[in-house]
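Here is a short briefing on two ligand sites and one stretch of strands. Read it with the model open.

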Amino acid sequence: MKFYIHTWGCQMNVYDSERLADLLTANGYEEVSEAESADIILLNTCAVRENAKEKIYHQLGRWKELKKANPRMIIGVGGCVASADGEEIFRRAPEVDIVFGPQTMHLVPGMIEKVLAGGGRQIDISFPELEKFNILPPIARGAPSAYVTITEGCSNFCTYCIVPFTRGPVVSRTVREIMEEVQRDVDSGVREIHLLGQNVNEFAGLNEDGSESSLAELLYKVSAVEGVGRIRFTTSNPKDLNDETIAAIGELPKIASHIHLPVQSGSDRILALMNRPYTAESYLEKVGKLRAARPGISISSDFIVGFPGETDDDFEETVTLADQVGFDQSFSFVYSPRPGTRAAAMKDPETLENKKERLYCLQKHLTASADSISLLMKGTEQVILVDAHAKKDPDGHSYQGRTENNRIVNFRSDKDLIGEFARVRIDEVLPHSLTGSIIEGN
Ligand code: SAH
Ligand code: SF4
Ligand code: F3S
């Protein structure tokens, strides 16, 4: 039987979908790249904002037609919407056969078998701790960069956020398990390791001797692996970014010169209401330390605009902070109330129209800042990890790679450099990419 997985949401969902595909492949199913030719369609979902969730029900509506044409088709919904909505999914989308949560991906093959055996609809959205990681080692995908989840779930309960409800409490994988996965990735040609967690700064995985490892200690270990050329880690809640981690960023050249450090708001009053226990000042202090430890480090952020009770003055403080930091490519969203969260019960008098205007204004500042960083890259030398042929590649000699601060660089080379690091000089800055020329000696 053939299966197709469609993934919405964050990098952790991408990682989960890859593991689920590995597991189904090991169980004899064959992965296909479009829903139309599959017997099993699985949707890995995101519930972080209302529109992210609604997109999923629209998609299911479209797949209903496919099922009409092929009544034996199995449709499964997993991830954070599955976790938040549970049985409700069967009511809203009766064509769905299987509902599984972010922590029960590994049970999907068994659920499929039960459906095939005539057992009817299957649902399991429980939070068995870390069980899903014990199933299978990752199968090599031939990509030069690989995600490795180091913590699962989140217990921070920022007042706007649904993630602690959908993914369960925070737990860390053991250092040994992570290092084995890193080694397997490297053995299969991976050069960049991207460590994942909702707040990687809280990592507290057990060492062999039963002691807990900090994120910084883990970074030293991953950095010591021969073959690892670049390390990224996402996401860092600023409240837990400590001096030890900042020192590691300063000392380990393999760590990419970029950090995603979502500030959410520049108003201390709103940060307190969000249950983000830091202030604009303490955030700026950490930015200062990062820049002292790693001159030129690129810093990006997420922002929520129009949190309940945000005034024009609060919003101005966010814009001021954004201008002070000079962020690299960042994400910003209008606040979306999530059922069951504390913020959803807060008074929210501002109109959506005003919130959208604020978002537009902030995005102008953020885009100008990211664009000015791109412009400054013109003429500089950059190390890129070459990941593919360029999108426009008329003769097979155009390639693309990523800089440490996540810019795509297109360049020409006679040698196939896919999967390798290359030194390029940036020639041209375009709206969504850069062009460069290879520097001799690669
Ligand atoms: N764990 C990460 C965030 C994960 S969610 C952290 O703590 O930084 C990714 C982003 O979605 C958040 O940073 C936030 O900006 C946005 N987000 C989360 N809940 C939201 C909501 N209810 N409305 C709008 N944006 C939200
Ligand atoms: Fe959500 Fe806060 Fe946890 Fe991030 S740290 S996932 S924003 S609750
Ligand atoms: Fe979305 Fe769940 Fe990730 S809500 S952002 S897929 S943790």
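**Strand β17 and its neighbours**

Strand β17 covers residues 398–402, and four of its five residues are buried, so the rest of the structure largely encloses this strand. The model is predicted. Buried here means under 20% relative accessible area.

**Pairing with β16**
- Strand β16 spans residues 381–389 and pairs with β17 in the antiparallel sense.
- Four bridges link β16 and β17.
- Leu385 stands opposite Arg402 of β17.

**Pairing with β18**
- Strand β18 spans residues 408–412 and runs antiparallel to β17, with five bridges between them.
- Arg402 has Ile408 as its bridge partner in β18.
- β17 and β18 make a hairpin, with five residues between the two strands.
- Asn406 sits in the turn and has a positive phi of about 70°.

**Around ligand 2**
- Cysteines in this shell are Cys154, Cys158 and Cys161.
- Phe157, Tyr160, Val163 and Pro164 also belong to the shell around ligand 2.
- Asn156, Gln198, Asn237 and Arg276 complete the list for ligand 2.
- By class, the ligand 2 shell holds seven nonpolar, three polar and one charged residues.

**Around ligand 3**
- Cysteines in this shell are Cys10, Cys46 and Cys80.
- Ala47, Val48 and Val163 also surround ligand 3.
- Asn13, Thr45, Gln198 and Arg167 complete the list for ligand 3.
- By class, the ligand 3 shell holds six nonpolar, three polar and one charged residues.

**Residues in both shells**
- Val163 and Gln198 are listed around ligand 2 and also around ligand 3.

Key: Residues numbered from 1 in each chain as written. Chains lettered and ligands numbered in written order. Predicted model: local features only at pLDDT ≥ 70, side-chain atom pairs only at ≥ 80, totals over all residues. Heavy atoms only, no water. Near = heavy atom within 4 Å. Nonpolar A, V, L, I, M, F, W, Y, C, P; charged D, E, K, R; others polar. Buried < 20%, exposed > 50% of the residue type's maximum accessible area, 1.4 Å probe, protein only. Pairing = 2+ DSSP bridges.
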